[in-house]
Number of protein chains: 2
Amino acid sequence: MKSEIDIEFSNEGVIHEDVVRKALSEQPAEELLADLADLFKNFSDTTRIRILSLLISDEMCVADITAALNATQSAISHQLRILKQSRLIKSRRAGKIVYYSLADEHVKTIIAMGLEHITE
Amino acid sequence: MKSEIDIEFSNEGVIHEDVVRKALSEQPAEELLADLADLFKNFSDTTRIRILSLLISDEMCVADITAALNATQSAISHQLRILKQSRLIKSRRAGKIVYYSLADEHVKTIIAMGLEHITE
DNA sequence: ACAACATATGAACAACTATTCATAAGTATA
DNA sequence: TATACTTATGAATAGTTGTTCATATGTTGT
């Protein structure tokens, strides 16, 4: 009997079965890849990446972000919500004002990584 | 006269002018951020990230990718075109078969980076 | 030249997304 | 509590995007 793990895929039209089998066995779990796509979705919109880029400098309140990006308060607020739900940013309230900041260092690293790729 | 660089932003509603000024002065160019968003767009779709993840293991032909991902040949082909236009992958032809592979190491690094963020 | 096979591409459609507009919710101060 | 101010949110809309279907292009062998 075989000691190999059984990898499932439709054999239909496969040309190099060994390559497919190997690649699939080395793949991260399907769910991880979905989460990964969701993570990168946050960086795939100009408004959101501009917000994140601003927050690398310092924490900022909604009004300041809005002015800095020359956008609508509503648009910024909507995007902040998305970023917060993805746990990339966090917020703290001081009276009427809500300050947003990066949730951890990863955002910095990912953006730096991307910039490196582009400006090489 | 002032020796500072003049940063433009609508003063409307600004609360902490110094913070806005500082953040804006540290920002990458507008165009760079747009390119960055475009780069991450490639990783923000499950099909595309699954393709990239497969290609980390080895170069693969369209038929094999199609089978491995249990998708349509057309869908894969369309996404391969997008990835190629973004210069994340390259292709070589051997007869009827076209093999795709990662264009450079950055893809690996970016995916690894993302996985690290998720699985921490 | 023809048949068989691998890949690419254009058009159409459904699903998703970002913005706007109007308004609500939360907070401070008079 | 009335007002002004900051932020959040729901609905509507316009624009974008991924997949499918049909078909074209390119390649090999007969």
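**Close-up views of a predicted protein–DNA model**

**View 1. Residues around DNA strand D.** Among the 24 residues around DNA strand D, those that come nearest are Tyr100(A), Thr47(B), Arg48(B), Thr72(B) and Ser74(B). Of the atoms of DNA strand D that come within 4 Å of the protein, 63% are accounted for by sugar and phosphate. As throughout these legends, the coordinates shown are those of a predicted model. By class, the residues of the surface near DNA strand D comprise 7 nonpolar, 10 polar and 7 charged.

**View 2. Side chains at the bases of DNA strand D.** In the side chain of Ser74(A), an N or O atom is 2.8 Å from a base oxygen of DNA strand D, and a polar side-chain atom of His78(A) lies 2.9 Å from a base oxygen of this strand. From chain B, an N or O atom in the side chain of His78(B) is 3.2 Å from a base oxygen of DNA strand D. The elements that give two or more residues to the surface near DNA strand D are α4 (62-68), α5 and β3 (97-102) of chain A, together with α3 (46-57) and α5 of chain B. The largest share of that surface, 5 residues, comes from α5(A).

**View 3. Ser77(A) in helix α5 of chain A.** Ser77(A) lies in helix α5 of chain A, and this residue counts as partly exposed because its relative accessibility is 33%, a value between the 20% under which a residue is buried and the 50% over which it is exposed. Ile111(A) is 34 residues from Ser77(A) in sequence, and the C-alpha atoms of the two residues are 21 Å apart in space.

**View 4. Residues around DNA strand C.** Of the 25 residues around DNA strand C, the ones that come nearest are Thr47(A), Arg48(A), Thr72(A), Ser74(A) and Tyr100(B). Sugar or phosphate contributes 61% of the atoms of DNA strand C within 4 Å of the protein, and the rest belong to bases. The surface near this strand has 8 nonpolar, 10 polar and 7 charged residues.

**View 5. Polar side chains at DNA strand C.** A polar side-chain atom of Arg48(A) lies 2.6 Å from a phosphate oxygen of DNA strand C, and a polar side-chain atom of Tyr100(B) likewise lies 2.6 Å from a phosphate oxygen of DNA strand C. For Ser74(B), by contrast, the partner is a base oxygen of DNA strand C, which lies 2.7 Å from a polar side-chain atom of this residue. Two or more residues of the surface near DNA strand C are given by each of α3 and α5 (73-85) of chain A and α4 (62-68), α5 (73-85) and β3 (97-102) of chain B.

**View 6. Helix α3 of chain A.** Helix α3 (residues 46-57) of chain A has 12 residues and reaches 17 Å from its first C-alpha to its last, close to the 16 Å expected at 1.5 Å a residue. At the start of α3(A), the backbone nitrogen of Thr47(A) is approached to within 3.0 Å by a side-chain oxygen of Asp45(A). The helix is mostly covered, with 9 of its 12 residues buried; among them are Arg48(A), Ile49(A), Leu52(A) and Leu55(A).

**View 7. Phe43(B) in the largest nonpolar core.** Of the 71 residues in the largest nonpolar core, Phe43(A), Ile65(A), Phe43(B) and Ile65(B) touch the most other members. Leaving aside residues up to four places away in sequence, Phe43(B) touches Leu36(A), Ala37(A) and Phe40(A) of chain A, as well as Ile49(B), Leu52(B), Leu88(B), Val107(B), Ile110(B) and Ile111(B) of chain B.

Technical notes: Residues numbered from 1 in each chain as written. Chains lettered and ligands numbered in written order. Predicted model: local features only at pLDDT ≥ 70, side-chain atom pairs only at ≥ 80, totals over all residues. Heavy atoms only, no water. Helix = DSSP H or I, 4+ residues; strand = E, 2+ residues; numbered from the N terminus. Expected span 1.5 Å × (residues − 1). Buried < 20%, exposed > 50% of the residue type's maximum accessible area, 1.4 Å probe, protein only. Polar contact = N/O pair within 3.5 Å; in protein donor to acceptor, adjacent residues only side chain to side chain. Near = heavy atom within 4 Å. Nonpolar A, V, L, I, M, F, W, Y, C, P; charged D, E, K, R; others polar. Core = buried A, V, L, I, M, F, W, Y, C linked by side-chain atoms within 4.5 Å. Contact = heavy atoms within 4.5 Å.
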